[in-house]
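Got your viewer open? Let's take a short walk together, one selection at a time.

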Protein chains: 2
Amino acid sequence: MNPGFAREPNNTAVTIQDVADLAGVSITTVSHVINGTRFVSEDLTQRVLQAMDQLGYKPNLLARGLRSGRTRTLGLVVPDMANLFFAEISRAIEEIAFNRGYSLIICNSADNPEKEKTYLGVLLAKQVEGIIFISAGSSEDILNELERCGVPLVYADREIPSQLADVVLLDNEFGGYLATNHLIQLGHRQIACISGPSGLTPSADRVAGYRRALVEAGLPVCPEYIVSGDFHYHSGEIGMLHLLDLEDPPDAVFISNDMMAFGSIRAVRSRNLRLPEQISIVGFDDIILAQASSPALTTIAQPIQQMAEKVIELLFMRMHSNSAGMERQRVILKPELIIRDSTRALIQQPERTR
Amino acid sequence: MNPGFAREPNNTAVTIQDVADLAGVSITTVSHVINGTRFVSEDLTQRVLQAMDQLGYKPNLLARGLRSGRTRTLGLVVPDMANLFFAEISRAIEEIAFNRGYSLIICNSADNPEKEKTYLGVLLAKQVEGIIFISAGSSEDILNELERCGVPLVYADREIPSQLADVVLLDNEFGGYLATNHLIQLGHRQIACISGPSGLTPSADRVAGYRRALVEAGLPVCPEYIVSGDFHYHSGEIGMLHLLDLEDPPDAVFISNDMMAFGSIRAVRSRNLRLPEQISIVGFDDIILAQASSPALTTIAQPIQQMAEKVIELLFMRMHSNSAGMERQRVILKPELIIRDSTRALIQQPERTR
DNA sequence: CTGAAAGCGCTTACAG
DNA sequence: CTGAAAGCGCTTACAG
């Protein structure tokens with residue numbers, strides 16, 4: 001359009017042919033020295049290497065992928081990359097993948113099944129070699145289609161209906177149990193719970209663990225003590241406010257993720273209640289800021305590094321080996337209770353103030 | 001290897017040829033109905049659409065990209081995707097890109113220039129149409145090479161030496177000034193600062209703003225009141241501990257990012273000091289948890305959404321239009337002081353306790 | 001209104 | 001020890 005100002009046309013990427021020409025060899029030879037895929041004499045190797053260097057040659061990965069069928073790219077779909085838990089697990093996965101020579105396309109579904117579906121299509125169309133999928137609630141149809149298409153696939157974090165693929169899960173039920181039981185051991189009896197979005201298995205399982213702990217301790221499971229959030233910060237605040245406004249408010253709350261727990265702390269403070277003196281809370285996830293909040297958050301730690309490693313291990317198994325007949329793997333990791341300063345033993349008060 | 005258990009070979013992806021065959025048209029026509037790139041009769045259009053649907057056809061984006069030279073993919077390099085600030089800006093950028101039909105390859109350089117360099121090469125080799133680069137400190141040589149190769153490029157967040165490319169920055173100096181001035185207005189006189197990694201312009205600029213505020217107020221700039229961190233949580237804790245151990249500890253601290261501020265809060269609590277009664281702190285970034293910390297953090301807000309929009313706007317300008325002659329853009333956004341509960345007016349004490 | 005064919009930049013049998 | 005050539009799956013002039 002404006003040739004006078006046009007960028008230098010030497011952008012026209014340098015190709016393997018240019019390297020071959022400069023080195024005075026065939027593109028076959030260039031390809032082989034790049035990939036180390038057959039013996040090339042010392043002399044030619046040197047000439048090729050020098051030509052590549054001189055021209056600043058970078059292989060076109062699209063062409064390579066198209067021809068070879070190997071893209072050395074993985075796809076990761078997460079519901080919310082600005083949620084610290086997902087950010088941390090994404091980073092852990094990215095790092096392991098990188099060390100194995102793979103790049104990762106991270107897709108943020110923003111908790112939107114439509115977007116999730118679009119991204120899955122994009123990943124497939126981009127010929128990723130494997131997909132790690134933390135679902136935000138895609139329909140069974142879509143998942144079936146995905147599983148059928150044969151791409152190596154591992155689900156993480158969230159249980160999925162109709163699974164043919166491998167899955168790496170946390171024992172969320174046990175986590176909820178651990179958290180609630182901790183509160184019970186501390187002498188609390190009025191224990192509420194802020195759940196995550198209904199329909200997500202981690203959320204449901206955590207609440208199930210909460211219930212089991214109560215039942216085992218012979219405590220009643222009180223419906224108005226279970227309020228639902230959405231795993232986001234704000235809903236923790238709303239949920240806690242709701243609980244505090246109850247006629248008979250709880251003296252301890254199990255909040256099913258740390259983000260909401262931070263919101264809850266804000267609610268507690270806005271009511272001028274003291275934490276943990278007047279109310280104990282335990283979160284879930286152990287994101288890095290759990291240690292930094294005031295008071296530091298008692299929480300259930302997810303073994304993020306271990307999850308990431310397991311996910312990649314399974315994915316590579318499916319990608320590489322003759323794993324065709326291998327039966328579906330279900331890895332269930334154990335969470336751990338991390339006791340900090342947001343919980344404390346209930347001091348029996350002669351009469352409840354407030 | 002084990003054909004009996006081998007996955008169904010119908011994985012052999014369905015191609016445009018398969019669609020053409022089934023629809024009884026040429027691949028040219030299929031291509032044109034997919035891309036809406038020339039008129040195709042209603043009849044053929046329907047047949048193609050149906051064939052695509054029936055076969056579950058997905059265009060191979062590698063082939064498309066190779067042929068057309070357009071990959072509809074952008075690359076983003078960030079220093080630490082598990083840092084909430086970068087996670088949030090990544091999400092914002094991802095969303096805008098997605099809405100424009102682009103996918104984003106997010107690369108985590110982990111503050112490692114070597115990895116950063118590798119990733120830049122990967123992005124180029126993958127033929128991304130543009131790169132958004134938040135540097136963790138690459139050498140000038142690499143940046144020069146990058147700029148020369150002609151890929152549309154915009155730097156964000158951090159100033160870069162030898163810039164030919166556009167850049168979107170925050171006025172960090174002004175942010176540091178705002179923060180420190182706020183403390184001064186509150187009556188504080190012993191104001192310390194925890195900086196970020198030296199060598200990073202945001203960090204240096206924030207400290208420069210801190211200095212300017214002190215100087216303008218006629219206060220001394222005291223070297224031992226400036227301690228350096230690395231923008232990570234832990235260094236904020238260490239830094240604050242150091243400051244509190246000073247013979248003459250500060251009564252207010254400007255901490256140059258929120259992550260370190262959270263670390264500092266922990267330090268303050270470990271010394272049994274009360275915040276903000278005994279010490280005021282102001283952070284920088286306004287990540288979402290700043291509101292949720294206890295006390296809620298007074299901080300300097302970065303206009304993340306605006307930054308993301310500006311970055312994409314500039315990048316698309318370079319990618320699409322005849323922007324060849326357009327001069328380098330430098331967009332400097334203004335931060336904002338968000339007053340919360342971690343700062344308060346200094347109560348003049350008859351004599352300093354501790 | 002539609003199709004045959006060239007070609008994007010690689011890898012990989014095949015041949016010598 | 002090395003090269004000529006086919007072909008991956010598309011898009012896009014070119015032709016009719």
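Before the first stop, a word on overlaying chains: copies are superposed by least squares on the C-alpha atoms of residues with pLDDT of at least 70 in both. Keep in mind that this is a predicted model.

Start by selecting chains A and B. A rotation of 180° with 0.0 Å of shift along its axis lays chain A over chain B, with an RMSD of 0.0 Å. The two copies are therefore related as by a two-fold rotation axis. Next, colour the interface: 100% of the interface residues of chain A are also interface residues in chain B, so the copies meet through the same surface.

Now select DNA strand D and the 27 residues around it. Which ones come nearest? They are Thr28(A), Thr29(A), Arg38(A), Arg67(A) and Arg67(B). Zoom in on Thr28(A), where a polar side-chain atom sits 2.6 Å from a base nitrogen of the strand. Thr29(A) instead places a polar side-chain atom 2.6 Å from a phosphate oxygen. Ser41(A) also has a side-chain N or O atom 2.6 Å from a phosphate oxygen of strand D.

Widen the view to the helices. α2 and α4 of chain A, and α2 and α4 of chain B, each supply at least two residues of this surface, and α2(B) gives the largest share, five residues.

Finish at α11(B), residues 258–270. Is this helix mostly covered or mostly open? Mostly covered: 10 of its 13 residues are buried, among them Met259(B), Phe262(B) and Ile265(B). Show β6, α10, β8, β9 and β10 of chain B to see what the buried residues pack against. After the helix, click Asn272(B), whose phi is positive, near 60°.

Key: Residues numbered from 1 in each chain as written. Chains lettered and ligands numbered in written order. Predicted model: local features only at pLDDT ≥ 70, side-chain atom pairs only at ≥ 80, totals over all residues. Heavy atoms only, no water. Helix = DSSP H or I, 4+ residues; strand = E, 2+ residues; numbered from the N terminus. Expected span 1.5 Å × (residues − 1). Buried < 20%, exposed > 50% of the residue type's maximum accessible area, 1.4 Å probe, protein only. Contact = heavy atoms within 4.5 Å. Near = heavy atom within 4 Å. Polar contact = N/O pair within 3.5 Å; in protein donor to acceptor, adjacent residues only side chain to side chain.
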